[in-house]
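Colleague: Could you pick one part of this model, give me a close look, and work outwards from there? Plain language is fine, but please tell me the cut-offs.

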Amino acid sequence: MEPSATPARGSADSGEIVVVPHTHWDREWYLPFQRLRVGLVRVLDEVLDAMAADPAYRFTMDGQLAAVEDYLELRPARRGDVARFVAEGRLAVGPWLILADEFLCSGETLVRNLEYGMRGAAALGGAMPVGYLPDQFGHCAQMPQILSLAGLRLACVWRGVPAHVDRDAFDWTGADGTTIRTCYLPGGYANASGLFSGPAEGLPGRVAAFASAARGWAAGDTLLAMCGGDHSAPVREITAPGLRVATLAEALAGLDERPGDGLPRVTGELRSHARAHILPGVVSARVHLKQAMARAERVLVRYAEPLSALWPADRSVRERLIDMAWRSVIACGGHDSVTGCGSDETAQQVAARIAEAGQTAQAVVDLVTASLAGAARKDALVVVNPSPFERTGLVLADLPEDRAALADGQGRPVPVQRLEHAATLLGETVMDDLSALLGRVHERALYGHEIVSWTVGDGVFTVTVSRHACGAYAYEDLRRAVLDAGPGPWLVRTVAEPVVTVAALVTVPPLGRAVLTARPAAPMAPAPVAHALRADPYGFEPVLDNGLLRVRVADDGTLSLRGAGGVEVRGVGRIVHGGDAGDTYNHAPPPGDLLLDRPSHVTVEEICSGPLTGAYEITRSYDWPAAAGDATAVPTAVTTRVELRAGEPFARCEITMDVRCRDHRVRWHAPLPRAAAQSYAEGQFAVVRRGLTAEGGGGERPVATFPAESFAAAGGLAVLLDHVTEYEITEYEITRDGISGSGTEMALTLVRSVGYLSRDHNPCRDAPAGPETPAPAAQCQGPLTVRFAVLPYAGGWHDAGLPRLAEEFRHDLLAVPGTGTGDTEDTGGAAGTDWGGRLAVGGDGVVMAALRERDGRLEVRLVAEHPTATEAVVQGDFTAAWTAGVLGSPLSPLEVSHDEGGSLRTARVPLRPFEIATVHLAMA
């Protein structure tokens, strides 16, 4: 499918050829999952039959357990065969559940992928002790540490390996300094797929040719012959003089124990084009899949699991729901799934499964928040903080017009800003017999609302309702009023209690909740607001200013930003349209590509202005070509809603458009305040430093477009992201009104529209990446919304505290209205122990990646996203603490200090730069 690597050096004249029979099984790709599974059954039937007939036969099942589970679901009777061959060491399964794209899912999803894979493989007899990563489109910087923490000391890779690796083994050092011995597959995972497929008399010649090529790469005495390919397995007769048949684990046994003297060393992520295609365009293909994946992961990892651990509710149900959600999220992370490089039918199924995973996780959130709401009165608002530190942030609430103010638990006023009134008339109908209304009332409920009151007069019966009604109510009183009203016809009018939407600035303890109560606005004094928005003193131009950031909207619709440290940048948010003659794998600018960035018309509208939040809506109109090679103009309006909130040093941006063009790419550009020779991007538990160019040499045009998960930063400008986004640091030249300028800017890809899974003749690639299958849905036609935030900063990314700012941007405070009477004791409304608000995590650059209950304890995953050594400070009401492996095995106890006179205890965890630490806590 892709070009073979060429050895760069000579080696020994001898070496044992070890044949590894295997298959590489894309669960879904050019065909959807179920259609490919039919072939899986055929292949594994043949493999298991061969193993039963020949005790010497070995087979490696692609490093992913999911394919085995998919098979056993249809062939349950063969589970015994599978377990027997695994126990005998002849069938290698796991350690992964799925072969995931390492850049398009979170670091926590990668960890759970290993957890599910190794646990499932153990149930069948044991997981293959090799981190096999044969076809991923590059490898993330934390993979050595993730594998090591799971007890795996060997990795095996193909793509992304840099040019200076000139042997089939190297030492790979991760972001934190963890080094793991790694087998490189020159020529890929199918380097010996044709060894046994020709005439038998030609086998010695084919073996000799393979040995001659492999010796040029050999770091030892083993010549690894990967015999298998996509959706296929080798024939049974795979023996010949001088060959040994083995699983991958058997073939690599002892590799990690050999001296590393003279072996190449690689540090950080593997994203070089030098040895194989890394197909970087998948990061921006079918952007809706990336957005949905991020949403599902966020709800599951940062809301569903933590909330259900802190406020346990219906344990058996929520544990099963969380398990279901995790399995779906992990499965959708496959390197031909969330990547969007499959057929349209495959992409549709992936989107549906991601949506179901997100909804399943949301069901867990609903369970917990319903119990919290039930413990609060109906005139209350419960606000939950998903972060392990105290936060002050905005939440929205619908409050009755006569109680449009809020007070905290001590009766102190909470800052609020009125935004809009809700419509009051919900519906009208004429009834000849008013008693028919009673048939639509169920206790207090009417049309999904709760009855507040009613009035009768002049032939009109008006019922006032509310989402959560307060005050006295008796069905018998309503029934009497209806029956006493007399004959009709009656106009029955349903109106909502007058409601106003407010923004409230709430302070919530770490991983805890605050309960606010609605109050009449008049008696309450205005609450003080730190870094409130202030109006432009002259009022001549659209400006937002909170003392931390000043945002001005220019005439062309771009933004000027000035931070509190004096860093200023202008022209932020230029929209650039260009063509794309590529496919889902690689962006390819068409010949003579014309980049368009000037709007034909710009309008600016103020949305709101107040002490807590201010926003403008900027609409820019463009005339873009209908498609590459089709100059027909398609009018397109791009709307940017820019919002600044009290206390936030970043401007929130929401860009919407109706995508109507084809074969194109639309990017958002922002100049950098200062020159930059590198960028920094967060993702998969690390902040990676990248240059402005990429290494080429493997038959693919090198491009410096990269993925970022939660932020990308360069030259004093940072963008906070809500999903994995493609970015590039690029040079620009621009002329406006006779004035020319140039410099360096950051470009974010908003949407990339293509019409083929792969093109046979993509100008950026020397070979197809897959079948030339039309994929019209990959044009991403229709409404598009992209959200992010932008800020200028001084110093380095860590000086600006970007990991913490990204945490606050990505994880909103969660607000739910109370539904209870307030008569019961406030225990969180959940059965079991209430640990909410009894845990906090601090430390420079320390990020909480996950929090869950595990075997009656709390498990916290911490990451030091900091360039120097730091310390995590864990405080809470716990009796003991210890570190553990990522799979849960305890490692060593932590010293716990006690707060005199209180129950607060502290555990300190020293961390290397970018170290991942899993901490278990026995809560009091």
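**A salt bridge and its surroundings**

Modeller: Let's start with Arg244 and Glu16, whose side chains meet in a salt bridge at 3.0 Å, N to O. Salt bridge here means a side-chain nitrogen of Lys or Arg within 4 Å of a carboxyl oxygen of Asp or Glu. The model is predicted, so local features need pLDDT of at least 70 and side-chain atom pairs count only at pLDDT 80 or more, while totals for chains, interfaces and linings use all residues. Residues are numbered from 1 along each chain as its sequence is written, and side-chain values use heavy atoms, with hydrogens and water left out.

This pair links distant parts of the chain: Arg244 sits in strand β9 (residues 243-245) and Glu16 in strand β1, 228 residues apart. Helices (H or I, at least four residues) and strands (E, at least two) are DSSP runs, numbered from the N terminus. Both partners are partly exposed: Arg244 has a relative accessible area of 31%, and Glu16 comes in at 33%. For reference, buried is under 20% relative accessible area, exposed is over 50%, and partly exposed is in between (1.4 Å probe, protein chains only).

From Glu16, step along β1. Strand β1 (residues 16-21) runs parallel to β8, joined over six bridges; two strands pair if DSSP finds at least two bridges between them. Within that pairing, Val20 stands opposite Met226 of β8. How many of the six residues of β8 are buried? Six of the six in β8 (residues 222-227) are, so the strand is largely enclosed by the rest of the structure. In a regular strand the side chains alternate between the two faces of the sheet. In β8, Thr222, Leu224 and Met226 cover one side, with Leu223, Ala225 and Cys227 on the other, and all are buried.

Two of those β8 residues also take us to a cavity: Thr222 and Leu224 are among the residues lining the second largest one, along with others including Asp168, Cys183, Ala251 and Arg258. A cavity is a set of points, on a 1 Å grid over the protein atoms alone, where a 1.4 Å probe fits but cannot get out, and lining residues have an atom within 4 Å of a point. This one holds about 110 Å³, a volume being the space filled by probe spheres set on the points, with grid points joined across faces, edges and corners. Its lining has seven nonpolar, two polar and two charged residues. In that count Ala, Val, Leu, Ile, Met, Phe, Trp, Tyr, Cys and Pro are nonpolar, Asp, Glu, Lys and Arg are charged, and the others, Gly among them, are polar.

For context, the whole structure has twelve cavities of 30 Å³ or more, and the largest has a volume of about 440 Å³. Of the 29 residues lining that largest cavity, the closest to its centre are Ser106, Glu682, Glu709, Arg810 and His811. The elements giving two or more residues to the lining are α4 (107-124), α8 (287-310), α12 (802-810) and β44 (846-854). Helix α8 makes the largest share, with seven residues. By class, the lining has 13 nonpolar, six polar and ten charged residues.

Back to salt bridges: a search of the whole structure finds 60 of them. Asp45 and Arg78 form one at 4.0 Å, N to O. That pair joins helix α1 (residues 33-53), where Asp45 sits, to the loop between α2 (66-74) and α3 (79-87), which holds Arg78, 33 residues apart. Asp45 and Arg78 are both buried.

Then there's Arg852 and Glu115, with their closest N and O atoms 2.7 Å apart. Arg852 lies in β44 and Glu115 in α4, so the salt bridge ties together parts 737 residues apart in sequence. Arg852 counts as buried at 10% relative accessibility, and Glu115 is buried at 7%. Salt bridges that share partners join Arg852 and Glu115 into one network with Glu108, Arg112, Arg119, Glu305, Arg854, Glu859 and Arg861.

Note on methods:
On a 1 Å grid over the protein atoms alone, a cavity is a set of points where a 1.4 Å probe fits but cannot get out, and a pocket is an open set with protein on both sides within 12 Å along at least five of seven lines; lining residues have an atom within 4 Å of a point.
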